[in-house]
Every structure is written in C-alpha cells, then in structure tokens.
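Grab your viewer and a scratchpad: here are a few exercises, each followed by a solution that goes step by step. Try each task before you read on.

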Amino acid sequence: MTFRFVEFPSAGDELRSEVLAGLAASPKSIPPKYFYDEIGCRLFEAICLQPEYALTRIEQALMASKLPEIAAAIGTIECIVEPGAGDCSKVRALIDALHPDHLVVLDIAGRTLATAATSLAGNHPGLQVTALGMDFIHALDEAQSYLPPGRRLVYYPGSSIGNFSPVEATALLSRYSQLAGEDGQILIGFDLKKAPDLLHRAYNDAAGVTAAFNLNLLQRLNRELDADFDPGRFRHYAFYNPIEGRIEMHLISLAEQTVSVAGQRFHFHLGETLLTEHSYKFRCDEFVAIAASAGWHLKGEWQQDGFALQLFDQANETVRG
Ligand code: AVJ
C-alpha cells in the first residue's frame, strides 16, 4: 500500500489565537472547525446516526443510487481531493466508481484522518493515498505541492460548505479551483432549504447528541487551553433563521460568570450567547449562483429528500473548448 501522512504544525497556535479573539469579540463566537477534536469527531459520527439528522444518510443513498450517472458525468480522472474528509467514509463509493490513481484527503483533525486514511489505503492496493493534517481554510496553498499531475476532482460532500456564509463560500470555492487544477471539477453536496421544524429537529435530537457535541467544545478548551468552563452552566441552543437561511448553534450562559481561558478572563452575562456554528441551507439555483461567482459552471445535478449534489467544471474551459 502507498500511504503518506503529513501533519502541518501550525494548528495548535491557531486554536489559541482564534479562540481568544472570538471570546473577546461581541457577540462571542468560536469557529465550528474547533468542534473536531477526537471526542468531537466521534460525537459528529454519532449525530449522523441519529434518526432526526438524515442529511448524511440521504447523501449516501443519493450517491449509491446515482453513482453510475455521476461517474459517467465526471469521466476519467487521476485524483480525488477531499477537504474535510474526517473518517474518510464518504469517499469510498466514489473511489470504487472512478478508480483514481491518487487520493488526497485533508482535515484539521489530523489523527482521526491519518487512522481512517491508513485503513482506506489498506483496502485499496494500487491507490496512492496522501493525508494532510491541516486547516484547509487557512493553509490550502501548502497543499498544492502534494497534488499529483493529471485531471482532478475535488469532492466536498456532507454540506460542509454550509458552515460558510455565501460570501465566504464563494471565496473557498475559488480557492478550490486551484486544488482542482486545469480541467478540474468539483462535486459538492449540500442541504436544501426545507420546513423549519425538520431542520430544528435535526439540530435538537432527542438523545441530546448534538447538545453534547456543542458542549464538548467547552470541554476541549478546558483540556487544551487550560480553561475552566463549567458545561453545566451553558445551554445548547439551535434554531433555524429563515431570513439568513441558516441553522444557528449557540451556547447560552445560564449565569453571570467569569471564565478563564489560556490565562485570560472573560465575563459572560446571564443569557449571553457564544455562537458556535452557522449551517447554511440553500436552494439549487442559489448554489449555482454562488459557484458561478467563484468561476464554476454547472455540469450535473442530483437531488433527493431535501439534499442536493451538484457537479461543476471550470467556467473558462467551456469558453476555451
Ligand atoms: C458537518 C457542517 C455539515 O452543519 O449539519 C451537525 C455539523 N452541527 N450537527 C452540519 C453539525 C450540528 C454539520 N456539518
């Protein structure tokens, strides 16, 4: 098996500086990428098994039923690149359908990624697997030298793009053009706008797994930044904001309290919020417009039960071709 893992060291300092900056701001916020320490990765996998959180299951079913069509639309490629690959479970179906020579997976949760990518490489002799433990939001340029030549597909499933506002999503999709390279494509999965009660339930599951996932962020800061959050004094609060078209996930302080994080003190008023995640929902035409402003041209679209997959190529290719 061919496997390499490269861990980019900067991640620890960024956690500290971004968390301190987020807690000093008003309203207080912490970027959602910091949910994913090892416990957070496991809690996210558990969320995907909750009956109310259908997103992952529907995407899997859609991929399974449309795979021949999707593979035909993509054509021959040498490499799949997956930012935010996590446990590498989603890309397997695509590997079996497209038979690329290379797989490049990126994730901020380096250890979870390395473990998953090693076992994937073991199951696919002949596939060259590169795992990059990095924050691809900031360090994408550093990934460039690990990409093989040849035609590449960027795979961005799971509605990960929903963590970015439309403006941020446009910027990220522009940068994915570089990952895709010449004649490159992107296959992207996102959650569609739907009845608010369905969305509300998906982020407020009865078993409380999403709440535990949200509160684990505070425990992570206790572990890694020598913080003293009492998770019992914060409440998970998630709701759909139909004007912004997004789920907002908050941790609301249940008391007047002062918390210390990495040697700095932060006061929370009773009822004050710490914003932890935005999860945008789109209509298909809205997403086509966002991708178009990043230079992507729609090539295929598949939908099922409130979830969509869109395939794009680089808009300039059509002009040149
Ligand atoms: C991984 C960003 C797609 O927003 O639905 C699940 C993360 N947060 N439950 C999402 C999440 C709360 C998830 N994404």
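**Exercise 1: the eight-stranded sheet**

Strand β4 (residues 102-107) and strand β5 (residues 128-133) run parallel and are joined by six bridges. A word on the ground rules: this is a predicted model, where local features need pLDDT of at least 70 and side-chain atom pairs count only at pLDDT 80 or more, while totals for chains, interfaces and linings use all residues. Residues are numbered from 1 along each chain as its sequence is written, and side-chain values use heavy atoms, with hydrogens and water left out.

Task: work out the strand order of the sheet that holds β4 and β5, and find what lies across it.

Solution.
- Step 1. Settle the terms: helices (H or I, at least four residues) and strands (E, at least two) are DSSP runs, numbered from the N terminus. Two strands pair if DSSP finds at least two bridges between them.
- Step 2. Check the register: L106 stands opposite L132 in β5.
- Step 3. Follow the pairing outward, and you get an open sheet of eight strands, β1-β5-β4-β3-β6-β7-β14-β13, with mixed pairing.
- Step 4. Look at the ends: β1 (2-7) and β13 (296-304) are the edge strands, each pairing on one side only.
- Step 5. Get the twist: on average, neighbouring strands of this sheet are turned by 15° against each other, direction ignored.
- Step 6. Add the helix: α6 (residues 136-143) lies across β3 (79-83), β4, β5 and β6 (152-156), at about 145° to β4. Contact here means heavy atoms within 4.5 Å; axes are lines fitted to C-alpha atoms, for helices over the stretch in contact, and angles run from 0 to 180 degrees between N-to-C directions.

**Exercise 2: the four-stranded sheet**

Task: which strands of the open sheet of four have one side left without a neighbour, and why?

Solution.
- Step 1. Write the order: β2-β12-β9-β8, again with mixed pairing.
- Step 2. Read off the edges: β2 (28-29) and β8 (234-241) each have a single partner strand, so one side of each lacks a neighbour in the sheet.
- Step 3. Inspect β2: two bridges join it to the parallel strand β12 (residues 273-280), and K28 stands opposite L274 in β12.
- Step 4. Add helix α9 (residues 209-224), which packs on the sheet, touches β8, β9 (246-253) and β12, and makes about 55° with the direction of β9.

**Exercise 3: the ligand**

Task: which residues come nearest to the ligand, and how much of the ligand does the protein bury?

Solution.
- Step 1. Collect the shell (a heavy atom within 4 Å counts as near). It has 13 residues, and Y53, G158, Y203, E277 and S279 come nearest.
- Step 2. List the polar contacts (N or O pairs within 3.5 Å). Polar side-chain atoms lie 2.5 Å from a ligand oxygen for Y53, and 2.6 Å from a ligand nitrogen for E277. The side chain of S279 has an N or O atom 2.6 Å from a ligand oxygen.
- Step 3. Do the area: alone, the ligand exposes 350 Å², and the protein buries 96% of that (Shrake-Rupley, 1.4 Å probe).
- Step 4. Trace the suppliers: α2 (38-47), α9 and β12 each give at least two residues of the shell.

**Exercise 4: backbone oddities**

Task: where does a cis peptide bond sit?

Solution.
- Step 1. Recall the background: most peptide bonds are trans.
- Step 2. Check omega: the bond joining S26 and P27 is cis, at about 0°.
- Step 3. Place P27: it belongs to the loop between α1 (11-24) and β2.

Definitions and conventions: A polar contact is a pair of N or O atoms within 3.5 Å; within protein, one must be able to donate a hydrogen and the other to accept it, and residues adjacent in sequence count only if both atoms are side-chain atoms.
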